[in-house]
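User: Please take a close look at one part of this model, a single helix and its surroundings. After that, go through the loops, the cysteines and the cavities.

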Amino acid sequence: MKGLYCKPGDQEDVKFVLQETSLPTNIGNHQVKVQVKSCALSPVDFKMYEDLKLEKEHVPVGREIAGVVLQVGPKVMFFQPDDEVVGILPLDAEQSGLCSVVLIDEFNLVPKPEKVSWFEAAAVIKDGLRAYTALHTLARMAAGQTVLVLDGASPFGVLAIQLAHYHGVKVLATALSPEDQKFLQELRPNVARVIRLWDAKEDLVDSCLEETGGLGVDIIVDSGVRLYDEEPEAQTKQPHKHDLLTLLSVGGHWVTTEQHLQLDPPDSHILFLKAASLSFLNDEVWTVSRAKQGRYLHILKDVMNKLCMGTFRPQMEHPVPLYEATVSMEMVQRKQVRKRIVVKL
């Protein structure tokens with residue numbers, strides 16, 4: 001059978017290839033053999049593999065899978081053959097999620113609701129986990145608060161907005177283009193305000209303070225920030241870190257996806273004066289560490305339940321066949337697509 005793999009290297013020039021691979025003959029005590037029906041594509045973070053000493057000659061690509069259980073190990077407790085499941089392959093997995101059959105630990109899977117399609121399940125599982133990690137685990141979201149979601153039209157941003165609405169939180173979101181603005185304005189429930197980052201006439205800080213009566217927002221979830229005043233043109237749509245510190249409320253939470261965020265002493269002093277906190281969003285910790293495995297599975301189950309109820313409505317392209325996976329993954333890695341791509345197997 002074939003799987004999608006890539007060779008670690010320059011993020012901009014990485015090559016993806018479909019190559020033959022084989023399934024291990026022995027099934028572990030707690031392993032489940034799954035026939036993959038769909039697999040979502042997300043960018044590969046080579047730096048993460050390097051930091052965790054998981055460097056390989058060929059890195060398997062495609063980790064968010066949905067499928068049917070074919071066989072279970074002798075000590076598997078939660079699944080039986082023919083069960084429909086969805087899950088995320090761990091970082092140290094040897095197989096690509098685009099293989100027709102994979103072996104995965106039962107503690108990385110949850111049942112797929114019958115009403116949910118294979119493609120929606122695979123498309124939502126990782127972004128839903130990120131939204132829960134950002135808003136519940138890190139920011140301690142509560143009803144009546146105000147949250148600012150940067151790049152709200154991204155697959156992750158959309159689910160973060162929908163999760164916040166579900167819990168009675170007022171949502172502000174930024175748009176990177178007129179198309180994003182139109183999309184966000186048509187979302188239901190309504191976003192309280194769409195802030196046009198592409199329009200130089202609209203100021204992020206002024207807009208947020210106006211919406212909150214000058215008090216600032218309780219939660220910020222960013223999609224990257226500018227660390228310096230002078231940065232390449234491609235990054236000018238990212239807000240500056242000082243802007244986010246300015247619009248954060250007293251006791252607020254800033255959840256950042258910027259791995260290399262640097263705060264100078266004056267920046268830290270602003271956080272101190274506001275009794276505010278900064279958290280780094282890295283959803284890989286759930287599978288890297290087993291300390292909170294029960295909570296991880298609870299989140300995945302809740303993500304699937306909200307997808308089944310219609311609370312989560314993912315933004316995804318039409319499913320693509322396996323032979324188009326290489327080209328599709330290259331586009332995903334270069335961040336040239338705005339919707340989640342799912343491969344049909």
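Analyst: The helix comes first, followed by the other parts.

This is a predicted model, in which local features need pLDDT of at least 70 and side-chain atom pairs count only at pLDDT 80 or more, while totals for chains, interfaces and linings use all residues. Residues are numbered from 1 along each chain as its sequence is written, and side-chain values use heavy atoms, with hydrogens and water left out.

Helix α5 spans residues 204–211. Helices (H or I, at least four residues) and strands (E, at least two) are DSSP runs, numbered from the N terminus. Within α5, Leu 204, Val 205, Ser 207 and Cys 208 are buried; buried means under 20% relative accessible area, exposed over 50%, and partly exposed in between, with a 1.4 Å probe and protein chains only. These residues sit on the same side of α5 because they cover an arc of only 165 degrees around the axis. That arc is taken from the directions from the helix axis to the C-beta atoms. Asp 206 and Glu 210, on the other side of α5, are exposed.

The buried residues of α5 are covered by elements that include the strands β9 (146–149), β10 (170–175), β11 (193–196) and β12 (217–221), and also the helix α6 (241–247). Contact here means heavy atoms within 4.5 Å.

At the N-terminal end, α5 is capped by Asp 203, which has a side-chain oxygen 3.1 Å from the backbone nitrogen of Val 205. Just after α5, Gly 213 has a positive phi of about 65 degrees.

Two residues that are not glycines also have positive phi. Lys 53, with a phi of about 55 degrees, lies in the loop between α1 (46–51) and β4 (59–60), and is exposed at 68% relative accessibility. Ala 275, with a phi of about 50 degrees, is in the loop between α7 (265–274) and β14 (277–280); Ala 275 is exposed at 57%. Another loop, between α4 (178–185) and β11, holds Pro 189. The peptide bond from Arg 188 to Pro 189 is cis, with omega near 0 degrees.

Asp 283 is in the loop between β14 and α8 and is buried, at 5% relative accessible area. Its side chain makes a polar contact of 2.7 Å with the side chain of Arg 130. A polar contact is a pair of N or O atoms within 3.5 Å; within protein, one must be able to donate a hydrogen and the other to accept it, and residues adjacent in sequence count only if both atoms are side-chain atoms. Leaving aside neighbours within four places in sequence, Asp 283 is in contact with Lys 126, Leu 129, Arg 130 and Thr 133.

Asp 283 is also one of the residues that line the largest cavity, among them Arg 63, Ile 88, Trp 286 and Tyr 296. Helices α2 (118–138) and α8 (285–288) each supply at least two residues of that lining.

The structure holds 0 disulfides, a disulfide being a pair of cysteine sulfur atoms within 2.5 Å. The sulfur of Cys 39 is 9.3 Å from the closest cysteine sulfur, in Cys 99, which is too far for a bond. Cys 39 is buried at 0% relative accessible area, and Cys 99 is buried at 0% relative accessibility.

Notes. On a 1 Å grid over the protein atoms alone, a cavity is a set of points where a 1.4 Å probe fits but cannot get out, and a pocket is an open set with protein on both sides within 12 Å along at least five of seven lines; lining residues have an atom within 4 Å of a point.
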